[in-house]
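Student: Please take a close look at one part of this model, the ligand site and the helices around it. I would like one connected account.

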Amino acid sequence: MKTKAAFFLLLALLSGSVVHADSPLEKQMNRMRRSFKELKKAMEAPVEADKPKYLGWVADLKKASEEAKTMEPEKTEKVPADERKAFLEGYRSKMEESIELTDELGKAIEAGKWTEAKGLIGQINQVQREGHKKYRAEEH
Ligand code: HEM
């Protein structure tokens, strides 16, 4: 009984980690999620003294977004060949939108304009939703 349980545990582990290795884009997206999550939480009750920490997350979010912008979504392969160029251009311009908002967020934090910063978090959230709807593969 014990070996059977161990076998199924091993199977579950394998199907999660080996069969689905994170693509380079997923790696960057996960990095974006980490810093964006911290920022979202922090902007609920921002503290002037923690600005440097917030700006560090902004810098990380921007760096990961810039890396992500140079990569191709998994879904690209499924797009008809003659639509691929437009698909990738759309993806890059959406990612650029997110980067520009991230820059604005950095400026708002720097200036201690917290209400503006909160608004920008909402806008980045919106761009994320639009980006995922259009460019992320169905099975995700
Ligand atoms: C702050 C903004 C964003 C965050 C926090 C974020 C986060 C994530 C996360 C956690 C994943 C799942 C990674 C995985 O499956 O392991 C993901 C996937 C993905 N995201 Fe984002 N995302 C953001 C913005 C965007 C934008 C703006 C776009 C499009 C322009 C986009 C396109 C994608 C795509 C295409 C995937 C699937 C990965 C692939 O095809 O290889 N994301 N994102």
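Tutor: Here is the ligand shell, followed by the helix contacts and the overall chain.

This is a predicted model, where local features need pLDDT of at least 70, side-chain atom pairs count only at pLDDT 80 or more, and totals for chains, interfaces and linings use all residues. Residues are numbered from 1 along each chain as its sequence is written.

Start with the ligand. The shell around the ligand holds 25 residues. A residue is near a molecule if its C-beta atom, placed from the backbone, lies within 6 Å of it. Met29, Pro73, Glu74, Lys94 and Gly131 are the closest. By class, the shell has eleven nonpolar, seven polar and seven charged residues. Here Ala, Val, Leu, Ile, Met, Phe, Trp, Tyr, Cys and Pro count as nonpolar, Asp, Glu, Lys and Arg as charged, and the others, Gly among them, as polar.

Three helices each supply at least two shell residues: α2 (24–42), α4 (84–110) and α5 (114–135). Helices are DSSP runs (H or I, at least four residues), and strands are E runs of at least two, numbered from the N terminus. The biggest share of the shell, seven residues, comes from α2.

Now the packing of α4 on α5. Their axes come within 9 Å and cross at roughly 165°. That makes the α4 and α5 pair roughly antiparallel. Axes are lines fitted to C-alpha atoms, for helices over the stretch in contact, and angles run from 0 to 180 degrees between N-to-C directions. Angles over 145 degrees count as roughly antiparallel. The crossing of α4 and α5 is left-handed, that is, the near helix is turned anticlockwise from the far one by less than a right angle. On the α4 side, the contact includes Tyr91, Lys94 and Leu101; on the α5 side, it includes Leu120, Val127 and Gly131. Contact requires C-beta atoms, placed from the backbone, within 7 Å. The residues of this α4 and α5 contact divide into ten nonpolar, four polar and five charged.

Next, α2 and α3. Their axes come within 9 Å and cross at roughly 155°. The two helices are therefore roughly antiparallel to each other. Again, α2 passes α3 in a left-handed crossing. Met29, Met32 and Phe36 are among the α2 residues that meet α3, whose partners include Tyr54, Trp57 and Leu61. This contact of α2 with α3 has twelve nonpolar, three polar and four charged residues.

Helix α3 (residues 51–69) also packs on α4, with axes that come within 10 Å and cross at roughly 170°. That makes α3 roughly antiparallel to α4. The α3 and α4 crossing is left-handed. Among the residues in contact are Tyr54, Leu55 and Val58 of α3, and Met95, Ile99 and Thr102 of α4. By class, the contact of α3 with α4 has nine nonpolar, four polar and seven charged residues.

Finally, the whole chain. The protein chain has five helices and zero strands. Its C-alpha trace spans about 60 × 50 × 20 Å along the principal axes. The radius of gyration is 19 Å, whereas a compact globule of 140 residues would have one near 14 Å. The radius is taken over C-alpha atoms, and the globule rule is 2.2 Å times the number of residues to the power 0.38.

Key: Parallel < 35°, antiparallel > 145°, perpendicular 65-115°, else oblique. Contact = placed C-beta atoms within 7 Å.
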